[in-house]
Amino acid sequence: RMSVASHFAGKDPTVRATYRRLIDIARALGPVTEEAKKTSIHLVRHTAFAGVATRRSSLILTLKSATDIRSPRIEKREQASANRWHIEVRLEKPAHIDRQLTAWLKAAYELAGPRE
């Protein structure tokens, strides 16, 4: 069974620090549950709004989005359904979690809220 900690075994310390900053910002938006999966950690509100895959010296953050986002920071964009996109961003240090990324995270968090 995977744990959040097991995803950081053998990784550069900045990977853990970057994840910690990501979690702190996500939790400032409201309740967040971390679900350790085999290949990633899902960040969940009512549904998952983000996935975090650890690499040796970076994180790959996949966010839910209601629209396509065009930015040089986005390494991969995939339309998951008519009204849903998944965007992928590489984070190599805590400073990469800036205002722009926080705005994307907030939008993803709101998409994972209760249906009204």
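**Notebook: aromatic pairs, helix H1 and strand S4**

I began with Tyr19, which counts as buried because its relative accessibility is 0%. I note that the model I am reading is a predicted one.

**Entry 1. Aromatic pairs**

I searched for ring pairs and found two aromatic pairs in the structure. I recorded that Phe8 and Tyr19 make up a tilted pair, with 5.1 Å from centre to centre and 50° between the planes. Why does this pair tie together parts that are apart in sequence? Phe8 belongs to the segment before helix H1 (13–29) and Tyr19 to helix H1, so the pair connects parts 11 residues apart in sequence. I then looked up the accessibility of Phe8: the value is 11%, so Phe8 counts as buried.

I turned next to Phe49 and Tyr109. Their ring centres are 5.2 Å apart and their planes stand at 80°, so I entered the pair as edge-to-face. The cut-off that I needed here is an angle over 60 degrees. I located Phe49 in strand S3 (residues 48–54) and Tyr109 in helix H2 (residues 99–111); the pair links distant parts of the chain, 60 residues apart. Phe49 counts as buried at 1% relative accessibility, and Tyr109 is buried too, with a relative accessible area of 3%.

I returned to Phe8 to see what sits over its ring. I found the charged end of Arg16 there, 4.6 Å from the ring centre.

**Entry 2. Helix H1**

I checked the length of H1. The helix has 17 residues and spans 25 Å from its first C-alpha to its last, which is close to the 24 Å expected at 1.5 Å a residue.

Which residues of H1 are buried? I listed Val15, Thr18, Tyr19, Leu22, Ile23, Ile25 and Ala26. These residues cover an arc of only 165° around the axis, so they lie on the same side of H1. I recalled the general rule that an α-helix has 3.6 residues a turn, so residues three or four places apart point the same way. On the face of H1 turned away from the buried side, I found the exposed residues Pro13 and Ala28.

I then asked what the buried residues of H1 pack against. Their partners are strand S1 (33–36), strand S2 (41–44), S3, strand S4 (59–65), strand S6 (84–91) and H2. Just after H1, I noted that Gly30 takes a positive phi of about 150°.

**Entry 3. Strand S4 and its neighbours**

I examined S4, one of the partners of H1. Six of its seven residues are buried, so S4 is largely enclosed by the rest of the structure.

How do S3 and S4 run, parallel or antiparallel? They run antiparallel and are joined by five bridges. I traced the connection between S3 and S4 and found a hairpin of four residues. Across this pairing, Val52 stands opposite Leu61 in S4.

S4 also pairs with S6 in the antiparallel sense, over seven bridges. Here Leu61 stands opposite Val89 in S6. I therefore entered Leu61 twice, once opposite Val52 and once opposite Val89.

**Entry 4. Ala107**

Lastly, I looked up Ala107 and placed it in helix H2. Is Ala107 buried or partly exposed? Its relative accessibility is 39%, so Ala107 counts as partly exposed. I also compared its position with that of Leu63: the two are 44 residues apart in sequence and 9.1 Å apart in space, C-alpha to C-alpha.

Definitions and conventions
Residues are numbered from 1 along each chain as its sequence is written. This is a predicted model: local features need pLDDT of at least 70, side-chain atom pairs count only at pLDDT 80 or more; totals for chains, interfaces and linings use all residues. Side-chain values use heavy atoms; hydrogens and water are left out. Rings of Phe, Tyr and Trp (its six-membered ring) pair if their centres lie within 6.5 Å; planes under 30 degrees apart count as stacked, over 60 as edge-to-face and the rest as tilted. Helices (H or I, at least four residues) and strands (E, at least two) are DSSP runs, numbered from the N terminus. Buried means under 20% relative accessible area, exposed over 50%, partly exposed in between (1.4 Å probe, protein chains only). A charge sits over a ring if NZ of Lys or CZ of Arg is within 6 Å of the ring centre and within 35 degrees of the ring normal. The expected span of a helix is 1.5 Å times one less than its number of residues. The arc is that of the directions from the helix axis to the C-beta atoms. Contact means heavy atoms within 4.5 Å. Two strands pair if DSSP finds at least two bridges between them.
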